[in-house]
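Here's a quick tour of a protein for you to follow along with. Keep the sequence and the 3D view open as you read.

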Amino acid sequence: MKKVFAADGWKLTVDEIVPFGEVSDWRSILTKVRETKPNLVINTDYLPGNSALFLKQFLEDPTNSLVFLQYAPSVPEFVKLTGEKSTGVLYDMIGAALDTPKWPRGPKLLAEYKAKFGIESGAYGVGLYEMTNMYFDALKQVGDPKKHEEIGKAIGAMTKETVAGTIKLDPKTHVALTGNDYVPTSFWQIVDGKRVLVGPAKYANGAFIAPPWVKQ
């Protein structure tokens, strides 16, 4: 990340590492952030509790910065922990459920999951459902669960619409193809407790707004 940001002309003003696990206080790092007043603040700690605490302590005296948090805002618990304070936070996902009318399978399966289990799915509930059904489709073609290689080849030959986009595996790497026509990197912003898909435009169900702490 540091190499890419530097190559794109960004100046890194604060670069801190914390041990993995629960973080009880971010204020020492935030003091450095406030001294440098960056345009963008990124925290890659993906644990919802840590990320929520970081946001709360950042907002005690916010800088005029966009705030990007890794993964944690996609987890239902994050919004419960931060409430209205989460409005304006940005994050992105690879393989997120595309909850947008522009990709009807996303909201359909998310709604069905919540109706059945009474909780939000997040990325994993509906994602694992899709993976399992890809296996079942391959098994139907092959007919024998012991024919592992044949099942693998059947999955590799599939092109399947899922909640995360169109799954098609690269025959050289066996990894799902990424991009707007396959599995996109989706960009989200939390607004009033809801996750708004702001990019890419092909899937967006809303537009970016300036966070309430940013002075324009």
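Is Asp-192 buried or exposed? Asp-192 counts as exposed, because its relative accessibility is 63% and anything over 50% is called exposed. Bear in mind as you look around that this is a predicted model.

**The big picture**

- The protein has seven helices and seven strands in its secondary structure.
- If you walk along the sequence, you'll meet them in the pattern α-α-β-α-β-α-β-α-α-α-β-β-β-β.
- Picture a box of roughly 65 × 40 × 35 Å along the principal axes: that's what the C-alpha atoms fill.
- Out of 216 residues, 38% count as buried.
- Take the contacts with a separation of 6 or more: 55% of them are between residues 24 or more positions apart.

**Surface and charge**

- The accessible surface adds up to about 13000 Å², and carbon and sulfur atoms own 57% of that.
- As for charge, there are 26 positive and 24 negative side chains, with the centres of the two sets 2 Å apart.

**A closer look at Ser-65**

- You'll find Ser-65 in the loop between α3 (48-58) and β2 (66-69).
- Ser-65 has a relative accessible area of 0%, so it counts as buried.
- Who are its contacts? Leaving out residues up to four places away in sequence, Ser-65 touches Pro-38, Asn-39, Leu-40, Val-41, Phe-58, Trp-213 and Val-214.
- With Pro-38 there's a polar contact too: the Ser-65 side chain reaches the backbone oxygen of Pro-38 at 2.5 Å.

**Backbone oddities to spot**

- Lys-37 isn't a glycine, yet its phi is positive, near 50°.
- Look for Lys-37 in the loop between α2 (27-36) and β1 (40-43).
- Lys-37 counts as exposed because its relative accessibility is 63%.
- Back to Asp-192: this residue isn't a glycine either, and it has a positive phi of about 55°.
- Asp-192 sits in the loop between β6 (185-191) and β7.
- There's also a cis peptide bond to find, running from Gly-199 to Pro-200, with omega near 0°.
- Pro-200 itself belongs to the segment after β7 (194-199).

Key: Residues numbered from 1 in each chain as written. Predicted model: local features only at pLDDT ≥ 70, side-chain atom pairs only at ≥ 80, totals over all residues. Heavy atoms only, no water. Helix = DSSP H or I, 4+ residues; strand = E, 2+ residues; numbered from the N terminus. Buried < 20%, exposed > 50% of the residue type's maximum accessible area, 1.4 Å probe, protein only. Polar contact = N/O pair within 3.5 Å; in protein donor to acceptor, adjacent residues only side chain to side chain. Contact = heavy atoms within 4.5 Å. Areas by Shrake-Rupley, 256 points an atom, 1.4 Å probe, with all protein chains shown as cover. Lys, Arg positive; Asp, Glu negative; His and termini not counted. Charge placed at Lys NZ, Arg CZ, Asp CG, Glu CD.
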